[in-house]
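What follows is a guided reading of a structural model, moving from a single residue outward to the place where two chains meet. Please keep the structure in view while reading.

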Amino acid sequence: MAGRGKLIAVIGDEDTCTGFLLGGIGELNKNRSPNFLVVEKETSIAEIEETFKSFLIRNDIGIILINQFIAEMIRHAIDQHMESIPAVLEIPSKEHPYDASKDSILRRAKGMFSAEDFR
Amino acid sequence: MGLSEKEECVLLDQKLLVFMDQLELLEEKRERLNSLIEQGWFSMSKARYSMGNKQVSALQYGSEMEPLVRVHTRTLESGEAEFQTKRRTLKSPEERQVEDIGPKDKEGVRRRVKTQEVPEIDQSDNKHPWTETEPAPSSKPEPNPQQDPLKWFGILVPQTLKQAQASFKQVVELSAEVATLQSAVLTTRQQLQMKQKSSSQNPDLTD
């Protein structure tokens, strides 16, 4: 695992972004796009989806953290992402606790089991 | 053929057990991650209560930021990805001060500001070192993108904000572990599905 390393991106509400930026993940300068998006009430779903897809295309992002209630808005885009890098982690928000049944990764993992498998 | 059938079944069972263990570990790490995030928010709310609502918000973000933590990735032969964080240590204020002094010495030219009339009187009294050491305008402090993000919120921040930062730093480390486990779970799932398909296609194994 040599080299400079990749960034951790975050798409979340103000508190989530503030917390992770305090944690030291933020990158912001005039030469590059920021690796975070603060989602407010006025932020459109199109903008969220566009930002998410731009993070997927960038080869310098290793992990994308996204509030689960925001992930629900762009669930189709998240379900289409099959690559292991960048990894997409759904996290809770203040008003919406984490629900494992909605997590794309866990749904994919648990979806393998059907009644046929146990015969 | 009997041995290979048994071997196939044993391998399938082992794979299934590994998958279950990975799922259980993933769930544990997730719970820890979520609880740390909530702890961070709670500390941030307490800091906001003491500092003021607008003092801990997006308005305080630095105009320039450099990431202090990066994640190193590695893809294994099986397609599984591993993630590991690496945090950069910030330079101490003394080190930064030393670097700042260096260029100023090289520039060397000390500017006297509005002192042309004064030297006639002060020739016998050159005890005003501060006129000679006025800093040149070019050495204004520039925002340091590598600074600790805590400094965006002021010089003296409450302990609760430092606690929030500590919680989120742990969350970042744990995120890499959760990402690694997620990838492992999905890879094991794929392998299990392939084995199940091959066993269902072989009628001997289903007997």
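F52(A) is buried, with a relative accessible area of 0%, a value that, like every other one here, belongs to a predicted model. The residue sits in helix α2 of chain A, which spans residues 45-57. Leaving aside residues up to four places away in sequence, F52(A) touches I11(A), I64(A), I74(A), A77(A), I78(A) and V88(A). Because the threshold for counting as buried is under 20% relative accessible area, F52(A) at 0% qualifies as buried.

The chain around this residue can be described in a few words. Chain A holds five helices and four strands, and read from the N terminus its elements follow the order β-α-β-α-β-α-α-β-α. Its C-alpha atoms fill a box of roughly 60 × 40 × 25 Å along the principal axes, and 54% of the 119 residues of chain A count as buried. Among the contacts in chain A between residues at least 6 apart in sequence, 65% join residues at least 24 apart.

In soluble globular proteins, nonpolar side chains tend to be buried together. In this model the largest nonpolar core has 50 residues, and those with the most contacts inside it are F20(A), I63(A) and L161(B). Helix α5(B) gives the most to this core, with 12 residues. L161(B), for its part, touches L22(A) from the other chain as well as M44(B), A47(B), M51(B), V56(B), L150(B) and F153(B), again not counting residues up to four places away in sequence. A second, separate core of 17 residues includes L7(A), I11(A), V39(A) and I61(A); I11(A) has already appeared as one of the residues that F52(A) touches.

How many residues of each chain are in contact where chain B and chain A meet? On the side of chain B there are 60, and on the side of chain A there are 47. The size of an interface is often given as the accessible area lost when the parts come together. By that reckoning chain B and chain A bury about 4600 Å² between them, of which 68% lies on carbon and sulfur atoms. Three residues, W41(B), M65(B) and R70(B), supply 16% of the area that chain B buries against chain A, more than any other three residues.

Polar pairing adds a further layer to this interface, with 15 residue pairs in polar contact between chain B and chain A, both partners being at pLDDT 80 or more. On the side of chain B that touches chain A, the elements α1 (2-51), β1 (69-75), β2 (81-87) and α5 (159-201) each supply at least two residues. The largest share, 18 residues, comes from α5(B), the helix that also gives the most to the largest nonpolar core. Sorted by class, this side of chain B has 33 nonpolar, 17 polar and 10 charged residues.

Side chains of opposite charge can pair when their charged atoms come close. A search of the whole structure finds 15 salt bridges over all chains, while the count between chain B and chain A is two. In one salt bridge, D15(A) pairs with R48(B), with the closest N and O atoms 2.8 Å apart. D15(A) lies in helix α1 (residues 14-22) of chain A and R48(B) in helix α1 of chain B, so the pair joins two chains. Both D15(A) and R48(B) are buried. In another, the side chains of R30(B) and D103(A) meet at 3.6 Å, N to O. R30(B) lies in helix α1 of chain B and D103(A) in the loop between β4 (87-91) and α5 (104-110) of chain A, so this pair, too, joins two chains. R30(B) is buried at a relative accessible area of 4%, and D103(A) is buried at 1%. D103(A) also offers a way back to the starting point, since F52(A) and D103(A) are 51 residues apart in sequence and 16 Å apart in space, C-alpha to C-alpha.

Other salt bridges stay within one chain. K29(B) forms a salt bridge with E177(B), the closest N and O atoms being 2.4 Å apart. This pair links distant parts of the chain, with K29(B) in helix α1 and E177(B) in helix α5 of chain B, 148 residues apart. Are these two partners buried or partly exposed? K29(B) counts as partly exposed at 22% relative accessibility, and E177(B) counts as partly exposed at 35%. In chain A, a network of salt bridges links E27(A), R32(A), R58(A) and D60(A).

Key: Residues numbered from 1 in each chain as written. Chains lettered and ligands numbered in written order. Predicted model: local features only at pLDDT ≥ 70, side-chain atom pairs only at ≥ 80, totals over all residues. Heavy atoms only, no water. Contact = heavy atoms within 4.5 Å. Buried area = accessible area lost by both parts, 1.4 Å probe. Salt bridge = Lys/Arg side-chain N within 4 Å of Asp/Glu carboxyl O. Polar contact = N/O pair within 3.5 Å; in protein donor to acceptor, adjacent residues only side chain to side chain. Nonpolar A, V, L, I, M, F, W, Y, C, P; charged D, E, K, R; others polar. Buried < 20%, exposed > 50% of the residue type's maximum accessible area, 1.4 Å probe, protein only. Core = buried A, V, L, I, M, F, W, Y, C linked by side-chain atoms within 4.5 Å.
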